[in-house]
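Visitor: Before I rely on any label attached to this model, I would like to hear the reasoning behind it. Could you take me through the terms one at a time?

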Amino acid sequence: MTLDWLTYFPSPARGVWHLGPVPIRAYALCIILGIVVALLIGDRRWRARGGEPGVIYDIALWAVPFGLIGGRLYHLMTDWRTYFGEGGVGWEATPRIWDGGLGIWGAVALGGVGAWIGCRRRGISLPAFGDAIAPGIVLAQAIGRVGNYFNQELYGRETTLPWGLEIFWREDASGMRDPHLLDGVSTGELYKIVQPTFLYELLWNLVVFLVLIYADRRFRMGHGRLFALYVAGYCIGRFGIELLRDDAATHIAGIRVNSFTSTFVFIGAVVYILLATKGREDPEAIRSAWQSREAGGHDAETPEEPAIEAPEEPATEAPDEPDAPEAPAGVGAVVAVPESLTGQADSAEPEAVDDPSGEQEEAQFADSAAQQDTEADAEAGDADAGRVVPDSEVAEVAEPEVGEPEAETGDADNPGPEDSDGGDAQSAEHPDAGELPDDAATDDAAEQR
């Protein structure tokens, strides 16, 4: 009496359950569970590297569909006889991804294209992102291999090893019998005992997962080198597993096509590890990049109303006044007249000036005439105006009589328009204010003319 039931483990009785008209497929559930686990691990690792929380889910909207399509296309190309060969299931079965049949190399390749598009849209470095999600991907592959167990597929050659897998015949509702029927139910009749290659790959993927976690912490691998290590590690295990498989597959020179693929991809991954930049990206640089981008994006989506600034008022400078005619050469300085005499230009009614002589209008006329005569003398080059009056002589101007407003002496170095006008006005208004120096007589002469 043998104890075969203690040495071999059986396959599941079925891989599909029905809830009314809705089929619940174990393979699809395993794929979905693997994707969820990969996203959760990837998001945690990406945040630890300084990345934006939750961005991995946005990129997954591109990577996952691309990966599923790529995996299906690779499976159709490498197992085309099952679909398009003699007695194949035909074109109508090509999109039935839920029935199984995903090639990992096509999923990684086209999924990488989708991830690149998502990263480009978010302004994220694809190599850095790949390093963050690599352990989650290989763990998702391990979970997905459980779906192969329920489908009774991807097994190896017959064996007598104590951990051999029992494959049973299955039968569907129409009475069709086949060990590979996805919707069938086990009849309990043993088909054969085989190498559980799905289990070998599952265990190997777990080893690669642990190696990646250790290498990332020990060597701080970045710039896509950890993702390349995942690819190289998976290729090693997949190459050996392909040598044990006996299911239908495309062969080249008697070698399964996946063995060739594993070899070439492994070489490319090793070359990348050797040539890529050593070390790891600075988390602060990654963090500052998405924070600044997020701030800019927020402003772009909900722009704040620009602050209404009051228009800048021009500086309160004195309005440009016409340049006063240059003083005659014979005048070195002039005498300023107080505001009480000149008054405000904008006043509606000029203030009354205490004019002892009572000749205010005559003083205004004399002031205008003196300015005109000054311009005429400057143009004609009057010989008498060529002599410069010393400041000492100008300073000796006679003081006004008692009761008259004192005249303020202007700045001798910076005579202004009001100074020249005011001096003439004072001379006109106070004819009895004393005799001016001989050199100042030219001014009186100019006024008389």
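Guide: Let us start with V270 in this predicted model: its relative accessible area is 30%, and since partly exposed covers what lies between under 20% for buried and over 50% for exposed, V270 is therefore called partly exposed.

Visitor: Where does V270 sit, and which nonpolar patch includes V270?

Guide: V270 is placed in helix α9, which covers residues 257-275, and the surface patch is formed by F264, I267, V270, V271, L274 and L275, which together have about 610 Å² of accessible area.

Visitor: Why is R145 called buried?

Guide: The relative accessibility of R145 is 11%, and the label buried is given under 20%, so R145 counts as buried.

Visitor: What makes R145 a residue to ask about, and what is R145 in contact with?

Guide: UniProt, in an unreviewed entry, lists R145 under "binding site"; in the model, R145 lies in helix α6, residues 126-151, and, leaving aside its neighbours within four places in sequence, R145 is in contact with L154, F198, E201, L202, Y234 and R238.

Visitor: Which residues does UniProt cover with the annotation "transmembrane region", and how much helix does the model have over residues 54-77 and 97-117?

Guide: The annotation, again from an unreviewed entry, covers residues 24-42, 54-77, 97-117, 124-144, 198-215, 227-245 and 257-277. Residues 54-77 are 96% helix and 0% strand, with end C-alpha atoms 35 Å apart, whereas residues 97-117 are 67% helix and 0% strand, with end C-alpha atoms 23 Å apart.

Visitor: What describes the chain as a whole?

Guide: The chain has 15 helices and 9 strands, and buried residues make up 38% of its 449 residues. Among contacts between residues at least 6 apart in sequence, 77% join residues at least 24 apart, while the accessible surface comes to about 26,500 Å², with 59% of that belonging to carbon and sulfur atoms.

Visitor: How do you know which stretches call for caution, and what is the average pLDDT of the chain?

Guide: The chain averages a pLDDT of 75, and 64% of the residues score at least 70. Over residues 1-5 the pLDDT is below 50, and this stretch has 0 contacts beyond near neighbours in sequence; over residues 392-449 the pLDDT is also below 50, although this stretch has 79 such contacts in the model. Where pLDDT is low, the predicted coordinates should not be read in detail.

Key:
Residues are numbered from 1 along each chain as its sequence is written. This is a predicted model: local features need pLDDT of at least 70, side-chain atom pairs count only at pLDDT 80 or more; totals for chains, interfaces and linings use all residues. Side-chain values use heavy atoms; hydrogens and water are left out. UniProt positions are given in the numbering used here, feature names are shortened, and annotations may be inferred rather than shown by experiment. Helices (H or I, at least four residues) and strands (E, at least two) are DSSP runs, numbered from the N terminus. pLDDT is the predictor's confidence in each residue, from 0 to 100. Contact means heavy atoms within 4.5 Å. Buried means under 20% relative accessible area, exposed over 50%, partly exposed in between (1.4 Å probe, protein chains only). Accessible areas come from the Shrake-Rupley method with a 1.4 Å probe; for residues, only the protein chains shown count as cover. Patches are made of residues with over 30% relative accessible area and no salt bridge: like charges are joined within 9 Å, nonpolar side chains (Val, Leu, Ile, Met, Phe, Trp, Tyr) within 5 Å. A salt bridge is a side-chain nitrogen of Lys or Arg within 4 Å of a carboxyl oxygen of Asp or Glu.
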